[in-house]
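User: Hi! I'm new to reading protein structures, and I'd like to go through one step by step. Can we look at it together?

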Amino acid sequence: MDLDRKEAGFVGLGFMGAPMAANLLKAGWSVTAWNRSPAALDAFEVLGGGRVAEVEGLRDQPVIIFMLPDLSYIEDSAAALLASWSATPPAAGTAVVVMSSVSPAAVKEFGARVARASSGNAVVVDAPVSGGTKGAVEGTLAIMAGASEVDFQRLLPLFQAMGTTVRRLGPLGSGSLAKACNQLIVGTTTAALAEAAELAERSGMDVAALYEVLAGGLAGSRVLDFVGPRLAAKDYEPTGPAKFMHKDLSFVLESAAAVEAAVPMAAAGVELYAELKRQGLGDRDLAVVRQTISNLSDNTAFQRQDSSRDRVRINEL
């Protein structure tokens with residue numbers, strides 16, 4: 001893996017991927033990208049990036065970053081790439097870097113498939129990120145890596161072009177487990193803030209004022225700082241689809257089952273974000289969990305009223 005060339009392939013120029021790839025360009029990397037929709041590639045070329053028509057066009061890059069919604073998307077997009085490597089293996093030390101939030105167990109299996117397809121010449125590293133679109137734009141992401149120490153050190157300059165907190169957590173899969181823990185905290189904290197907002201507003205309280213005083217006490221957090229204003233304003237314009245939180249919390253349950261760890265908050269969160277998706281809110285911002293709770297509150301009130309009417313009817317008989 002010759003990273004002295006500072007060349008990389010990048011797959012997925014979405015909410016997070018586009019600014020991450022742009023920061024690599026700013027740091028002096030030569031980046032060639034693939035994206036399903038051409039508009040993002042057009043914008044990337046304006047910044048000085050390159051493009052390929054198919055993912056397998058990146059086969060000779062020393063490192064290929066994938067930033068797609070889930071591992072199934074990565075596997076589909078990489079299928080022709082792996083077929084190409086099966087026919088003609090890539091250079092030894094080629095790195096496939098999965099920066100999406102994926103299953104810790106599944107990314108290990110993906111690593112094994114990549115190793116087989118590349119005759120052992122390519123290695124998979126999982127390096128999911130936290131910090132949202134703001135962190136992606138500013139290059140201040142937290143990057144949680146699962147890799148050997150040697151591979152991590154080789155990739156460190158790449159990661160440092162996109163993030164400011166970069167840590168190796170252990171072998172392949174460790175980064176994804178760390179991200180699952182991150183999402184457990186972010187997802188359940190956002191839900192708790194949304195519950196507090198609905199309770200406060202329905203009781204006649206100003207939510208922004210509540211959050212201001214909470215921020216000055218033990219309840220203050222970066223989640224409150226970042227998501228609080230959107231929750232208070234009911235601003236659900238997406239900075240990232242809320243539906244992915246359901247996926248991420250499911251990875252917490254999967255990982256917990258493997259080591260027999262109790263995760264009651266994650267279990268409750270999975271149910272709440274499943275309800276969010278059932279309500280058709282999955283493509284909105286994570287803050288839309290407040291609308292989910294509001295809808296549940298309205299439904300509970302309706303059921304209570306309906307139950308009261310039933311009791312009146314029974315008493316009249």
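User: What percentage of the residues of the protein count as buried?

Analyst: A quick note on the basics: this is a predicted model, where local features need pLDDT of at least 70 and side-chain atom pairs count only at pLDDT 80 or more, while totals for chains, interfaces and linings use all residues. Residues are numbered from 1 along each chain as its sequence is written, and side-chain values use heavy atoms, with hydrogens and water left out. A residue is buried at under 20% relative accessible area, exposed at over 50%, and partly exposed in between (1.4 Å probe, protein chains only). Of the 317 residues here, the buried share is 47%.

User: How many helices and strands are there in the protein?

Analyst: Helices (H or I, at least four residues) and strands (E, at least two) are DSSP runs, numbered from the N terminus. The C-alpha atoms fill a box of roughly 80 × 35 × 35 Å along the principal axes. In the protein, the count is 12 helices and nine strands.

User: Which element gives the largest share of the largest nonpolar core?

Analyst: A nonpolar core is a set of buried Ala, Val, Leu, Ile, Met, Phe, Trp, Tyr and Cys residues joined through side-chain atoms within 4.5 Å. The largest one has 35 residues, and Phe10, Met20, Met99, Leu158 and Phe159 touch the most other members. Elements giving two or more residues to this core include β1 (7-11), α1 (17-26) and α6 (149-160). The largest share, five residues, comes from α6.

User: Which residues of α1 does Phe10 contact, and how much of α1 is buried?

Analyst: Contact means heavy atoms within 4.5 Å. Leaving aside neighbours within four places in sequence, the contacts of Phe10 include Gly17, Met20, Ala21 and Leu24, and the buried residues of α1 include these four too. In α1, the number of buried residues is eight of 10.

User: How many residues are in the second, separate core?

Analyst: Leu193, Ala194, Phe251 and Val288 are among the members of this second core. Its residue count is 29.

User: Is Ile293 buried or exposed?

Analyst: Ile293 sits in helix α12 (residues 289-316). Leaving aside neighbours within four places in sequence, Ile293 is in contact with Ala191, Ala194, Glu195, Glu198 and Leu272. Its relative accessibility is 9%, so Ile293 counts as buried.

User: How far apart are the C-alpha atoms of Ser174 and Gly146?

Analyst: Ser174 belongs to helix α7 (residues 174-202), and its relative accessible area of 18% makes Ser174 buried. Leaving aside neighbours within four places in sequence, Ser174 contacts Asp126, Gly146 and Leu169. Ser174 and Gly146 are 28 residues apart along the chain, and their C-alpha atoms are separated by 4.7 Å.

User: Why is strand β6 largely enclosed by the rest of the structure?

Analyst: Let's start with its partner: two strands pair if DSSP finds at least two bridges between them. β5 and β6 pair in the parallel sense over five bridges, and Val123 in β6 is the bridge partner of Ala95. β6 (residues 122-126) is largely enclosed because its buried residues number four of five.

User: Which elements do the buried residues of α10 pack against?

Analyst: The buried residues of α10 include Met245, Leu249, Phe251 and Val252. Phe251 is also one of the members of the second core. The buried residues of α10 pack against α4 (104-117), α7 and α11.

User: Is Glu260 buried or exposed?

Analyst: Glu260 comes just after α10, in the loop between α10 and α11 (264-278). Its phi is near 60°, a positive value in a residue other than glycine. At 77% relative accessibility, Glu260 counts as exposed.

User: What is the relative accessibility of Lys234?

Analyst: Lys234 is another one to look at, in the loop between α9 (222-233) and α10 (243-259). Its phi is near 55°, a positive value in a residue other than glycine. Lys234 counts as partly exposed, with a relative accessibility of 39%.
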